[in-house]
Amino acid sequence: MANEGFLGKHVLNGERAATDHHPVILHHLPLSALGRAAPLAPGTVMKRVAEDDAAAWEPFLSTDAEAVTPVAVVDTPCDPTGADGEKSALCIVHGCAKVRLLKTGDGQPLTDEQMARLAEHGVFAV
């Protein structure tokens, strides 16, 4: 006999980067040591890096070389700082994100070229 009942609930507060224009795929992406250095706001663009022979993610910077590709966008606020800090960030890995929220890890708006590279990975600015 199956157990049925209320198991709990999850509430997302504040503004999210995701839109309703195209269904999004969200994943909790593990943060690198650099990615855990400061809180991450919705709309922060992320890049993939190698850390300890595993994949990790950290903020994409406006000064990153062209070979570095933005691949995801933080969807909800993430505070990885402190002893009880989050180890991963909920990110859009496919779908639409609000263009007005998109920014690099150093607070710069994305260029058209950077938005095009993000779109090549399935995250579209609308």
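Beyond its neighbours within four places in sequence, Met115 is in contact with Val99, Leu110 and Ala125. These contacts belong to a predicted model. Met115 sits in helix H1, which spans residues 112-120. The residue is partly exposed, and its relative accessible area is 21%. Val99 is 16 residues from Met115 in sequence. In space, the two C-alpha atoms are 9.0 Å apart.

Leu110, one of the contacts of Met115, also belongs to the largest nonpolar core. This core comprises 12 residues in all. Among them are Ala17, Ala18, Val45 and Phe60. Val73, Ile92, Ala97 and Leu101 are also included, as are Leu102, Leu118 and Val123. The surroundings of Val123 were examined in turn. Neighbours within four places in sequence are again set aside. Val123 then contacts Val71, Val73, Ile92 and Val93, among others. His94, Gly95, Ala97 and Leu118 are also in contact with Val123. Of these partners, Val73, Ile92, Ala97 and Leu118 are listed as members of the largest core, together with Val123 itself. Another core lies apart from this one and holds 11 residues. Its members include Leu40, Trp57, Val71 and Cys78. Val71 is thus named both in this other core and among the contacts of Val123.

Charged side chains were considered next. Side chains of opposite charge can pair when their charged atoms come close. The structure contains 4 salt bridges. One of them joins the side chains of Asp75 and Arg16, with an N to O distance of 2.5 Å. This pair links distant parts of the chain, 59 residues apart. Asp75 lies in the loop between strand S4 (70-74) and strand S5 (88-97). Arg16 lies in the segment before strand S1 (25-30). The two partners can also be described by their accessibility. Asp75 is buried, at a relative accessible area of 0%. Arg16 is partly exposed, at 26%.

Lys47 takes part in further pairing. A salt bridge connects Lys47 with Glu58, and their closest N and O atoms are 3.7 Å apart. Lys47 belongs to strand S2 (residues 45-51) and Glu58 to strand S3 (residues 54-59), so the bridge ties together parts that are 11 residues apart in sequence. Lys47 is buried, with a relative accessible area of 8%. Glu58 is buried as well, with a value of 11%. Lys47 also forms a salt bridge with Asp64, where the closest N and O atoms are 2.9 Å apart. Asp64 is in the loop between S3 and S4, while Lys47 is in strand S2, so this pair ties together parts 17 residues apart in sequence. Both Lys47 and Asp64 are buried. Lys47, Glu58 and Asp64 are therefore joined in a network of salt bridges.

Cysteines were examined last. The structure holds 0 disulfides. For Cys91, the closest cysteine sulfur is that of Cys78. The two sulfur atoms are 7.7 Å apart, so they are too far from each other for a bond. A disulfide would need the sulfur atoms within 2.5 Å. Cys91 is buried, with a relative accessible area of 0%. Cys96 also counts as buried, at 6% relative accessibility. Cys78, for its part, is a member of the 11-residue core.

How values were computed: Residues numbered from 1 in each chain as written. Predicted model: local features only at pLDDT ≥ 70, side-chain atom pairs only at ≥ 80, totals over all residues. Heavy atoms only, no water. Helix = DSSP H or I, 4+ residues; strand = E, 2+ residues; numbered from the N terminus. Buried < 20%, exposed > 50% of the residue type's maximum accessible area, 1.4 Å probe, protein only. Core = buried A, V, L, I, M, F, W, Y, C linked by side-chain atoms within 4.5 Å. Contact = heavy atoms within 4.5 Å.
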